[in-house]
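I opened this model to look up its disulfides, its sheets and the packing around them. My notes follow in the order in which I checked things.

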Amino acid sequence: MWTSGRMSNAKSWLGLSMSLYFWGLMDLTTTTVLSGIPTPPSKLEMHLSEKPQSHQRTKRSWVWNQFFVLEEYTGTDPLYVGKLHSDMDRGDGSIKYILSGEGAGMVFTIDDTTGDIHAIQRLDREERAQYTLRAQALDRRTGRPMEPESEFIIKIQDINDNEPKFLDGPYVATVPEMSPVGTSVIQVTATDADDPTYGNSARVVYSILQGQPYFSVDSKTGVIRTALMNMDREAKEYYEVIIQAKDMGGQLGGLAGTTTVNITLSDVNDNPPRFPQKHYQMSVLESAPISSTVGRVFAKDLDEGINAQMKYTIVDGDGADAFDINTDPNFQVGIITVKKDTTTVHISVEDVDEPPVFEPGFYFVEVPEDVAIGTTIQIISAKDPDVTNNSIRYSIDRSSDPGRFFYVDITTGALMTARPLDREEFSWHNITVLAMEMNNPSQVGSVSVTIKVLDVNDNAPEFPRFYEAFVCENAKAGQLIQTVSAVDQDDPSAGQRFYYSIAPEASSNPNFTVRDNQDNTARILTRRSGFRQQEQSVFYLPILIADNGQPELSSTSTLTIQVCSCDDGGHVMSCSPEAYMLPVSLSRGALIAILACIFVLLVLVLLILSMRRHRKQPYIIDDEENIHENIVRYDDEGGGEEDTEAFDIAAMWNPREAQTGATPKTRQDMLPEIESLSRYVPQSCAVNSTVHSYVLAKLYEADMDLWAPPFDSLQTYMFEGDGSIAGSLSSLQSATSDSEQSFDFLTDWGPRFRKLAELYGASEGPAPLW
């Protein structure tokens, strides 16, 4: 009889002792495979018919003629596939096993004595999914068949080694402008050469890498739709959209492929014709004949094709009866001709105050997440369309930027970062920049700015959870004890790739080793046998995990391995030393009562100490501990613009001198409330940026300091200079002024102001002689 097969997860052998046939099974629920060579169907059916009905299970399917082997094996030793065995084989070498069929001898070999089948070449399921072979047992001495020749199949199991591909890309599509949100544009399809019936290797999820916020893609179907309303062809006509297809259901570690979709907005008639000039001045001779040309006018239409065709007519005016206008279909101009009498055409259009207009009407900015605070990422530009061309001031609609990540210069429109950007926290920012006329604040224009934060490899891979493995005391060398994986918050476009190895400090570890599976997972194997729980019950294995980013980042995660006592089948029985046993005479209830008493005593002691401390507190609050004295009070009004000792404005204009120069002056009448934050600002930010960048960096540092007092340690000065015609507003130097002023009128205010009149030199008569 034939028997074969091996239980892959428990490493145990199946032996059957029925003559004339053999069979194997595969449990589809646990993916445990036992395989072998088939016997004649009648014998097999007879055997299956004898099985009791009570042993049948609906979740199991019996496969008796198949082996399963993983593809892309990269080991140096031949890959073990299975075992053939006849019950006539007594182990004395008298039986010779022969393998024939597809791949026999070139791909698969058999040990003619033991019946072990090995694969000697790398197997690729995408090249060939299965092999059909035949096996026979012969008497080694006589060459006589000992068993009938039987046929069986070796199936190649899939691993995720193929990325999704867009076979029809790049794509070209068209969608009308001003289409509603959700309008279907095109469907893209990616194919994955991996097995779609096994695992998630061929389960593709679509995402959009470039093209937001204009378009979106359905993650399951790949249908691209419009995602932004009022998309204007006249503002932007062509879009390049990059779509990514990622297998493994889009999870970290999956492989990815990309394609480009070039989308064009087709024109709709949504723009009226406009005259580029508001005033035309023409003249004609009074002797000009009827139908003679007076002049031409030309209007522009932003639409194209049939939507840009125009027709000119005279609407009103004192020459409506004297002149006519015709449309030239070739050049789309209006030709004014004499209708009956001659006259002069004078057309004037009055200006209407309009809000500022941004050019362009929409901004899209890409910024790396590691950009420094205060970096200018875009210049926002608007102008007043009116004839007066008023000055414009810029600001950000704070409802669109609640986190205050950005700042815009009020006069130049320079959009800068005010806080660090983190793609893992916010990958997109949609802010609104406002432009207001200085002379008419009610005239406000706005523009949308979409900011995409580009990924930078700034997160090292790490274990997704705490791993705790178990090794049996009777484990053998080379035994698998744990499979680990990693996660990384970064998301490179080409997919994640992790590399595993033992940390350098444990490279000489004699107990365990790490094998990289080349699929973002790794196996932990034993390097020796003979583990003893009494000698060491816990091992800590540091594992180095590196990614494929630029620059490469790595981290060390620790795997905790417990030594456990197991039975002969490899099942864990105990993983901790024996617990200390309580004395027999001490019950659990008594132990709980003792602990409760100890707790009550501790509470009483703490209460007594607290009452004693309160009795020692004085009833009169010391002036130094009075909370009202924490308010900083000032008795002087300061020296005006020249008094900058509390905050040196020069540090903002030249930060390097402020940090590396001489020791700055400090006020003698008060202690500084907070240390200057300039030393916490990077030199590159302080030296190479504007004053705005420097202040933004300091402001962010102050906001992040949880211990900073809520005082005005950052001050903004509108310094008017030394040559101001207003002079100084300070009263400190009024006593040294050369101006003379009479205070004789104080004597007229009565006895109450007599002392004040005497102090200022005013008196009613000669000073008394005391």
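Entry 1, disulfides. Counting the bonded cysteines along the chain, I read the disulfide pattern as 1-3, 2-4. The model is a predicted one, and I found two disulfides in it.

I took the link of C472 and C566 first, where the S to S distance is 2.1 Å. I noted a left-handed link, with -85° about the S-S bond. The pair connects distant parts of the chain, 94 residues apart: C472 belongs to strand β34 (residues 468–472) and C566 to strand β40 (residues 554–566). I then looked up how covered the two ends are. C472 has a relative accessible area of 10% and is therefore buried. C566 is buried as well, at 13%.

Next I turned to C564 and C575, whose sulfur atoms lie 1.9 Å apart in a disulfide. This link is right-handed, with 110° about the S-S bond. C564 sits in strand β40 and C575 in the loop between β41 (572–574) and α2 (588–615), so the bond ties together parts that are 11 residues apart in sequence. For C564 I got 0% relative accessibility, which makes it buried.

Entry 2, strand β40. Both disulfides led me here, so I went through its partners: C566 is in β40, and so is C564. How many of its 13 residues are buried? I counted 10, so I wrote the strand down as mostly covered, given the cut-off of under 20% relative accessible area.

β34 runs parallel to β40, joined to it by five bridges. In that pairing, E468 has T560 as its bridge partner. β39 pairs with β40 in the antiparallel sense over nine bridges, and there P542 stands opposite T558. With β41 the sense is antiparallel too, over two bridges; S565 has S574 as its bridge partner in β41. β40 and β41 make a hairpin with five residues between them, and G570 in the turn has a positive phi of about 85°.

Entry 3, nonpolar core. I looked up the largest nonpolar core, which has 28 residues; Y500, F512, I524, I543 and I561 touch the most other members. The elements that give two or more residues to this core are β34, β35, β36 (499–502), β37, β38, β39 (538–546) and β40. Which element gives the most? It is β40, with five residues.

I picked I524 and listed its contacts, leaving out residues up to four places away in sequence. Among them are L480, I481, V484, F512, V514, L541, I543 and L559. Q479, Q482 and T513 are also touched by I524.

Entry 4, sheet of β35, β38 and β37. I noted an open sheet of three strands in the order β35-β38-β37, with antiparallel pairing. β35 (480–485) and β37 (512–516) are at the edges with a single partner strand each, so one side of each has no neighbour in the sheet. Neighbouring strands here are turned by 25° against each other on average, direction ignored. β35 pairs with strand β38 (residues 521–526) over five antiparallel bridges, and L480 stands opposite L525 in that strand. As a reminder to myself, side chains in a regular strand alternate between the two faces of the sheet.

Entry 5, sheet of β21, β23 and β22. I found another open sheet of three strands, in the order β21-β23-β22 and with antiparallel pairing. Its edge strands, β21 (293–298) and β22 (323–328), each pair on one side only. The twist from one strand to the next averages 25°. β22 and strand β23 (residues 333–338) run antiparallel, joined by six bridges; F323 stands opposite V338.

Entry 6, G374. Where is G374 found? I located it in the loop between β26 (362–368) and β27 (376–379). Buried or exposed, I asked of G374; at 4% relative accessibility, it counts as buried. I then looked for what lies around this glycine. Leaving aside neighbours within four places in sequence, G374 is in contact with M416, T417, S693 and L696. I also checked G374 against H692, which is 318 residues away along the chain, and got a C-alpha separation of 7.1 Å.

Notes. Residues numbered from 1 in each chain as written. Predicted model: local features only at pLDDT ≥ 70, side-chain atom pairs only at ≥ 80, totals over all residues. Heavy atoms only, no water. Buried < 20%, exposed > 50% of the residue type's maximum accessible area, 1.4 Å probe, protein only. Contact = heavy atoms within 4.5 Å. Pairing = 2+ DSSP bridges. Axes fitted to C-alpha atoms, helices over the stretch in contact; angles between N-to-C directions. Disulfide = S-S within 2.5 Å. Core = buried A, V, L, I, M, F, W, Y, C linked by side-chain atoms within 4.5 Å.
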